[in-house]
Amino acid sequence: LYANLEVAGNQFEFYKDIKDRDNRYLKAEGYLFPDTYDFYIGESANSVLKKLFNNFNNKWTKAFDNQAKKLGMSQDEVMILASIIEKEAKGESQMGGVSSVLHNRLNNSATYPLLQMNSTKDYILSLKEYDVLNDYYYSLYLDAYNTYSATGLTPGAICNPGMDAIKAALYPDDTNYNFFCHDKNGVIYYAVTAAEHQRNTEKNLYD
């Protein structure tokens with residue numbers, strides 16, 4: 001599968017448009033659309049990947065293109081944002097709110113240059129856990145993907161988001177929230193100010 005990613009991906013225009021940065025772990029991450037598929041015994045890796053990429057290609061609509069342009073975002077930026085929403089939200093009902101926090105921070109980078117999302121650094125930490133990176137690349141990617149120290153969006157997606165997360169990235173709730181946290185049961189608490197967020201965090205740590 002790894003060996004055929006570029007071969008399969010380059011058969012699609014959207015894949016050719018993805019920025020392949022030096023500090024991006026996998027160019028294909030984010031575009032292997034999660035769904036139910038039929039595969040055949042002995043089916044080639046290239047055929048499997050083409051089905052995944054083709055499904056994403058069919059799911060992304062002209063309306064999505066128009067909305068991304070309205071937001072001033074590329075398709076790739078939307079998918080990166082959607083992947084963070086997928087990992088941060090505890091279910092579809094929270095995705096619009098989480099998206100609003102991320103958009104608010106991105107749109108006010110002078111005040112909030114860092115997204116500060118645990119899922120972004122956890123993505124790279126998991127690669128270390130599975131021993132797929134040597135120390136040099138582990139440090140390179142961790143520096144790039146850790147949104148507690150790196151500004152803006154991550155260089156690439158951190159998972160393959162589903163349609164709910166993609167729609168949330170494109171159509172966030174209209175809020176003035178800049179922070180959120182969860183309690184042990186997954187209930188989400190939003191905040192406008194850092195002081196309010198601190199109170200929410202402390203309450204949920206000690207309750």
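**Close-up views of a predicted model**

**View 1. Surroundings of Asn204 in the predicted model.** The side chain of Asn204 reaches the backbone oxygen of Asn200 at 2.8 Å. Asn204 itself lies in helix α10, which spans residues 194-206. With a relative accessible area of 14%, Asn204 is counted as buried, because that term applies to residues under 20% relative accessible area. When residues up to four places away in sequence are left out, Asn204 touches Cys181, His182, Asp183 and Tyr189.

**View 2. The largest nonpolar core, with Phe53 and its contacts.** This core has 49 residues, and those with the most contacts inside it are Phe53, Trp60 and Ile85. Its largest share, six residues, comes from helix α5, which runs over residues 75-88. For Phe53, the contacts shown leave out residues up to four places away in sequence, and they comprise Leu5, Ala8, Gly9, Phe12, Phe14, Tyr15, Ala28, Tyr31 and Leu32.

**View 3. The largest pocket and the residues that line it.** About 480 Å³ of space lies in this pocket. The lining is made up of 21 residues, of which Glu88, Gln116, Met117, Asn118 and Tyr148 are the closest to the centre of the pocket. Two or more lining residues are given by each of the elements α5, α6 (95-106), α7 (118-129) and β1 (179-182), and the largest share, five residues, comes from α7. Sorted by class, the lining of the largest pocket has nine nonpolar residues, seven polar residues and five charged residues.

**View 4. The second largest pocket and its lining.** The volume of the second largest pocket is about 220 Å³. Its lining consists of 13 residues, and those that lie nearest the centre are Leu1, Tyr2, Leu5, Leu26 and Leu32. Helices α3 (45-59) and α7 each supply at least two residues of this lining. By class, twelve residues of the lining are nonpolar and one is charged, while no polar residue is found there.

**View 5. Elements and residues that recur in the preceding views.** Helix α5, which gives six residues to the largest nonpolar core, also gives two or more residues to the lining of the largest pocket. Helix α7 supplies five residues to the lining of the largest pocket and at least two to that of the second largest pocket. Leu5 and Leu32 are among the residues that Phe53 touches, and both are also among the residues nearest the centre of the second largest pocket.

Conventions. Residues are numbered from 1 along each chain as its sequence is written. This is a predicted model: local features need pLDDT of at least 70, side-chain atom pairs count only at pLDDT 80 or more; totals for chains, interfaces and linings use all residues. Side-chain values use heavy atoms; hydrogens and water are left out. A nonpolar core is a set of buried Ala, Val, Leu, Ile, Met, Phe, Trp, Tyr and Cys residues joined through side-chain atoms within 4.5 Å. Buried means under 20% relative accessible area, exposed over 50%, partly exposed in between (1.4 Å probe, protein chains only). Helices (H or I, at least four residues) and strands (E, at least two) are DSSP runs, numbered from the N terminus. Contact means heavy atoms within 4.5 Å. A polar contact is a pair of N or O atoms within 3.5 Å; within protein, one must be able to donate a hydrogen and the other to accept it, and residues adjacent in sequence count only if both atoms are side-chain atoms. On a 1 Å grid over the protein atoms alone, a cavity is a set of points where a 1.4 Å probe fits but cannot get out, and a pocket is an open set with protein on both sides within 12 Å along at least five of seven lines; lining residues have an atom within 4 Å of a point. Grid points are joined across faces, edges and corners, and a volume is the space filled by probe spheres set on the points. Ala, Val, Leu, Ile, Met, Phe, Trp, Tyr, Cys and Pro count as nonpolar, Asp, Glu, Lys and Arg as charged, and the others, Gly among them, as polar.
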